[in-house]
Amino acid sequence: MAVDARKFPRAIERVCETFKISSLYPEQETSLKALLEGKNVYASLPTGYGKSLIFFAAPVVFDEILERPRGSSKILVISPLRTLMEDQVAYLKSLGLSAIALHDEQSEERLKQVEKGAFTYLFASPEKMLSVERWRKLLFSKHYREFLVAITVDEAHCISQWGLPGSRSKQAAVPFRVWYGNLGELKSLTASDLPSIVLTATASPSTKKDIFRTLHLDQSSCHVIEHSPERPNVQFSVKYLDKSMPVSTTFNTLIEELRVSNGSCQRTMIFCQTRKQCALLYSVFKDNLGNDFYLNKTPNPKERMMEMFHSGTPESVKKHILDNISRCNGHIRVIACTIAFGMGVNCKGVHRVVHFGPAKNLECYVQECGRAGRDGQPSTCLLLHNGLLAAHCADDIKDYLSNDKKCRRTFLYSYFPGEFSSNVSGHQCCDICAKSCSCGQESCSEPCALSLESDADDTCTVSSESVRSVKEMDKIKLRSELFKFMKDLLVRNTSGAIASVNIMHEFTSFHIQQVLDNCDKIKTLSDVEDFVEVWRKEHSRGILAAIHRIFGDVDEDELKTPECEDEEMDEHAQEWANIRDDSELFNLLNDSDLQHVDVHMEEIDVSGNEQRNMSSMIGNLFKSF
Ligand SMILES: [Zn+2]
Ligand SMILES: [Zn+2]
């Protein structure tokens, strides 16, 4: 479309009026212009830059240029999480615009209105849009053919992180959300010249390539904007976490801060890898703080200063938390969340992000750190790690952890496109730059705003006599024994496809790695439970038996199956049914696990049972999105 030189400034004025802003950033303006010219837009802009305004403004601009009544032009927004969609819907509604998120709780009446084209902004997950015939058809309808001005793919890195098969190491052979990988189909459901707006905060070059390929974007005809995800107000630290150090010691400073601040301590998000870790942190804080856990020291479940947020959090509690943390001064000051759920949380006023165990890879880490300091205030990101917590992570983040010379900021951001020429230095930059900082300020000696207790005398170390010597060859043999055990578990559980999915997550190569990392120390069942995140006694015994077959030094009594099975730990296994939708668990899978499963799946098929493939099963778990 040739853009009338006089009309465009007027359209921009209308955008400013509608969204109550004084002007647009040049990147926002050039993107809107490119859209009007029928170009696709790819924008990789740091968190807080106002990426969303590009697609918020698009229908307003098109209405103005095409001289349509306000609210006629429509935009479809593909978004990964319901909480994200609902946040944006609420914001648009607050400005008097019409918006809706497609999900299972919408009434039929509202859905019919969607079909009639009653909403300017339509939000949907890839699953909803592509796997439900009704919504595929919607895009073909006459109304949408005429009034849909663009399709937005928000958080487009999800395509690479979730939607593609294991072309990259450490990624599951079966995608976690397979419809993300199929988003290119949208092109065939809409007019061929309908532009796309593709948005992300952080995309490495390989992620960008995945996005372009999946969405059939052509680099040459696409309007590309890429800024470094750097945030100059954020400082980075890494700390090794001794597994023998009690969690209460690790978080002592934060616990004490919460105790004395009565609802005014720095807001802190703690990212955990599993729901179990969230629950652990929560109970440590609660037990240590007693009544100080509550605002005004009065036990009232609605006034807890720390909360946890994950797939198992009851809906009413989720609502309470989301409401509280959407206000900067809400009394919830510390929130422990699983990585998957942290993504969907709009937490305001966060000045500290702590990772209890590293993110899956550097790209995810930078995204998760994007929670800190959105208001421009000085903020800290601290990553706590040890061998166990890092076992399933990508090599790039392992390199980040082992690095002790290169500035962390440089290490992180040189991984992404876009210039970063930050003038941050010394202790305000990172723990490594702090080592050579001599500014003399009080904060200099304490490079991390959340200083952790690490009294070396306090940590109990395993005495050398209880450690067995392990040769590389022993480890290789042990690894093969453990895989045999994993396969046995799968073969024994032929009662149904879902049962094998459970086994896959309860005992994975993540657990095998944990055993291998600690096989010098594991001699009893309780050692297994100390060093490995086991779900079942049966698994502890299987692991110990495998160790005995290689080293032959385990006490025979430990290996006996008790006459009366102690099912205490199997209670945790029950928990499993509830946490299947914890995405990070899926991320623990890797190719080798799935190879075993594939073999097993074939056996099921041959025996004439219902044939189901893994991707559709995993897809079903996400129907509720
Ligand atoms: Zn630095
Ligand atoms: Zn300094």
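Me: How do strand 10 and strand 11 pair, in the parallel or the antiparallel sense?

Reply: Strands of a sheet pair through backbone hydrogen bonds, either parallel or antiparallel. In this predicted model, strand 10 (306–309) and strand 11 (334–338) pair in the parallel sense over 4 bridges. Two strands count as paired if DSSP finds at least two bridges between them. Strands (E, at least two residues) and helices (H or I, at least four) are DSSP runs, numbered from the N terminus. Glu307 stands opposite Ile335 in strand 11.

Me: On what basis are residues numbered and included?

Reply: Residues are numbered from 1 along each chain as its sequence is written, while chains are lettered from A and ligands numbered from 1 in the order in which they are written. As this is a predicted model, local features need pLDDT of at least 70 and side-chain atom pairs count only at pLDDT 80 or more, whereas totals for chains, interfaces and linings use all residues.

Me: Which helix joins strand 10 and strand 11 in a β-α-β unit, and what is the handedness of the unit?

Reply: A crossover is right-handed if, with the strands pointing away from the viewer, the path from the first strand over the helix to the second runs clockwise. Strand 10, helix 16 (residues 315–325) and strand 11 form such a right-handed unit.

Me: What is the strand order of the sheet, and which strands stand at the edges?

Reply: The order is 8-13-12-9-11-10, in an open sheet of 6 strands with parallel pairing. Strand 8 (234–240) and strand 10 each have a single partner strand, so one side of each lacks a neighbour in the sheet. The twist averages 15 degrees from one strand to the next, where axes are lines fitted to C-alpha atoms (for helices over the stretch in contact) and angles run from 0 to 180 degrees between N-to-C directions.

Me: Over how many bridges do strand 9 and strand 11 pair, and likewise strand 12 and strand 13?

Reply: Strand 9 (267–272) and strand 11 pair in the parallel sense over 5 bridges, and Cys272 has Thr338 as its bridge partner in strand 11. Strand 12 (residues 350–356) and strand 13 (residues 379–385) also pair in the parallel sense over 5 bridges; here Phe356 is partnered by Leu384 in strand 13.

Me: Which residues of strand 11 lie on each side?

Reply: In a regular strand the side chains alternate between the two faces of the sheet. Val334, Ala336 and Thr338 occupy one side of strand 11, Ile335 and Cys337 the other, and all are buried. A residue is buried if 20 or more other C-beta atoms lie within 10 Å of its own, exposed if 12 or fewer, and partly exposed in between, with C-beta atoms placed from the backbone. Since 5 of the 5 residues are buried, strand 11 is largely enclosed by the rest of the structure.

Me: Which residues of helix 14 are buried, and what covers them?

Reply: In helix 14 (residues 252–261), the buried residues are Leu254, Ile255 and Leu258. They span an arc of only 105 degrees around the axis, which puts them on the same side of helix 14; the arc is that of the directions from the helix axis to the C-beta atoms. Their cover includes helix 13 (247–250), helix 15 (275–289) and strand 11. After helix 14 comes Asn262, with a positive phi near 45 degrees.

Me: Where is Asn296, and is this residue buried or exposed?

Reply: Asn296 lies in the loop between helix 15 and strand 10. Its phi is near 55 degrees, a positive value in a residue other than glycine. Asn296 counts as exposed because it has 10 C-beta neighbours inside 10 Å.

Technical notes:
Contact = placed C-beta atoms within 7 Å.
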